[in-house]
Amino acid sequence: MDWDNFVLNSCNDKIHNLVITATLKDEQQEYAIERVQWCLIPFYDNTSVCELIFKTYGGLLSIMDDLILDSNSITVFKRICALQRQYSSSSSEEQISSAVEQISLNDSFVLNHFMGPVKYNINTFVDKNKNSLSPLLCSTMYNGTHPLLKSLFPEGNPDRMSSFTVSNPASQLRVWAEAFTATLSGRRCHYVTCISPNRHCQVNSFDSSFVQQQVRWFSLVEIVRLRRSGFCYRLTFEEFLARYKMLSPATWPRPRYGNTARSIRALVVCLPIPSGEFVYGVSKVFVRSPRSVWELEQLRAERLNQLAALVQEAWHRHRRHNYSHNLSNKCQNFRITDTVTAAKCITRTILTWQKRQYLMRLSRSLSVETESPISRAWVPLSNPRFAHTHYLLETLHHKWRCHKYRDKLDQTSRNRMREKVTASIIFKNRKASYSQSVAHPFIGDYVRLRQHTQWKKTALQCDDHHVVFADIVNKITRSSGKFVPILLVISTKSMLILDHRTLQVKYRVPAADIYRLSLSPFLDNVAVFHIKSAYVRCAEEEDDLGGEWSPSPSGCLFHQGPEVGPSDCTYKKKGDIVLQTSHVIEIVTKLFLVIQNVSGSPPDVNISTRFDASFGDQTVTIAFKYLGLPDIAPGQIKIVRKTNKMEIFV
């Protein structure tokens, strides 16, 4: 190896030493100083190698500086060997004695870096350590604005007395190490370790032995053990009490036992956090898990809000006291001589008293039952003068209790609430069966399709992992109007129709291709899904589920090849889908939201007694008629299929 490899390996050693010192060495030393019960985690410390390289006096880079004028490689090699003998004779530098090993007398030596021993050639060190910069360039760099340039190019200083000290790569490397260490010292750093999957930087190649070797090099196992067994948060006793003393009566406003561990123990007893999460050292308190730190911050934020409310209440009480005191003094020294002024003053005083009485009676009349969003109870109006105010306060109170109720909901409940609100916007006062669905929650997966093994395989093929709705519904055939049971699945990307026995995908309609949803305003459970025109391959001409058409191998409803017209005998234009289910409100609502999320715009929801539907190349008018026939039970339907018309009797 030559000088360039030595520079790269030395920089890696210095960075690794700083990381290990900050993550393993200093933290364990802190536990020992604080006398915390701790099992020492051994790790490889390369401080000896870094000292041998970057030491100011007697280090390897210092030797290169001293011998810059002597280009004899034998002299450099003798100095390195003398450096080895010097460190090996010192009992305090036992680790350094093993860092340098003389291999042979051919001007080579081995340096044990943290990634393993590396053999270097002295000749390249001497040749590449020479300075080839001109004095003019050094002077220009020295006069730069960055302060580091003055350290890297000291020979450019015009006031320098001696002209024999030349800045060489070895001195620049040592200056970089000192500047890098000074930059990181005193800062809270976050380290990211990058691991290469293989030695040759190839794609889709994972060398497990090389990855394990890197894990050992970077001491990642030791760091993980320290993070799992150690403490994530630490503060001195004074800092901990200054931040969290308001959480306990024993420490607020002043600690009863001073800034000691006893005061912190009295504080921790009052917290809803296990006492085992806190460990006390000589001058610091340690917290084990991040969850406990988060709970401490939440309790502190709530307590600060309470204290702010107390301060605000005390201030208002002080202002009211001063106002009443000053008003009484003014009344003693004020005599009303004008009758009109006296009447206005009396009226204003009576009105103020009525307002106060109204608000106090209102606050006393509000109970816990009135905080429910479905409660219609409200305080009766006591004074007709405040009728408009009474109405506004009732509206604000209802919004407040709705907001309070929504804050208690988790994400799943919020999604269901969003679906219920969407259903109300779409169907309220438009669909007769909407009122029956209000009290029933939208479950979605009625057949527990997510746990089915066959569905997991199908979802991987169709890329439909998240199931929004799944239930067995009736598909109304286009030709005869008969009911055929199928499994309807709505995912976050598409609508699928499956065989309810084998779970084989019959049709898959992308959500963006559904542009309209049509229903009737009656109690029937029929919904028509209007799909954008497309030509799909068809094997049979029967219009039922068993032989309607043969889907493509991907299970997609639409053919993704070149566009062809109806004249092509192997393609047939398919149209809209008609379904009948007892969950029609839920299906339309969920499909409405799915289409809106996928395409960015909501589909058209048509609620009418008559509308057109596309059945392949034929346009059919679907008409709903409410006759109240005795042979049709409420909620049931009777279908009559004609040439270009389908009549549904409710």
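A pocket is an open set of grid points with protein on both sides within 12 Å along at least five of seven lines, and its lining residues have an atom within 4 Å of a point. The exercises below use this on a predicted model.

**Exercise 1.** Which element gives the most to the lining of the largest pocket, and with how many residues?

*Solution.*
- Start with the volume: the largest pocket has about 1,300 Å³.
- Next, the lining. It holds 36 residues. A22, T23, C189, Y191 and R227 lie nearest the centre of the largest pocket.
- Then list the elements that give two or more residues: α1, α9 (169-184), α11 (220-229) and β4 (233-236).
- The element sought is α1, with twelve residues.

**Exercise 2.** Describe the lining of the largest pocket by class and by domain.

*Solution.*
- Sort by class: 19 residues are nonpolar, ten are polar and seven are charged.
- Sort by domain: domain 1 (3-131 + 166-184) and domain 2 (231-333) each supply at least three residues.

**Exercise 3.** Between which domains does the second largest pocket lie, and why?

*Solution.*
- The volume of the second largest pocket is about 840 Å³.
- Its lining has 24 residues, and P373, I374, R376, H398 and C402 are the closest to its centre.
- α16 (387-407), α17 (411-427) and α18 each supply at least two lining residues. α16 gives the most, with seven.
- By class, twelve residues of this lining are nonpolar, six polar and six charged.
- Now the domains. Domain 3 (339-405) and domain 4 (416-533 + 570-649) both give residues to the lining, so the second largest pocket lies between them.

**Exercise 4.** Where does R35 lie, and is R35 buried or exposed? Do likewise for R448.

*Solution.*
- Recall the background: most residues other than glycine have a negative phi.
- Check R35. Its phi is positive, about 60°, although R35 is not a glycine.
- Place R35: it sits in the loop between α1 (3-33) and α2 (47-54).
- Apply the cut-off: exposed means over 50% relative accessible area. R35 counts as exposed because its relative accessibility is 71%.
- Check R448. Its phi is also positive, near 55°.
- Place R448: the loop between α18 (434-437) and α19 (453-462) holds it.
- R448 has 66% relative accessibility, so R448 counts as exposed.

**Exercise 5.** Which residues does a cis peptide bond join?

*Solution.*
- Recall the background: most peptide bonds are trans.
- Read omega: it is about 0° for the bond between W252 and P253, which is cis.
- Place P253: it lies in the loop between α12 (237-244) and α13 (261-269).

Notes:
Residues numbered from 1 in each chain as written. Predicted model: local features only at pLDDT ≥ 70, side-chain atom pairs only at ≥ 80, totals over all residues. Heavy atoms only, no water. Helix = DSSP H or I, 4+ residues; strand = E, 2+ residues; numbered from the N terminus. Buried < 20%, exposed > 50% of the residue type's maximum accessible area, 1.4 Å probe, protein only. 1 Å grid on protein atoms, 1.4 Å probe; cavity = no way out; pocket = protein on both sides within 12 Å on 5 of 7 lines; lining within 4 Å. Points joined across faces, edges and corners; volume = space filled by probe spheres on them. Nonpolar A, V, L, I, M, F, W, Y, C, P; charged D, E, K, R; others polar. Domains from an automatic or database assignment.
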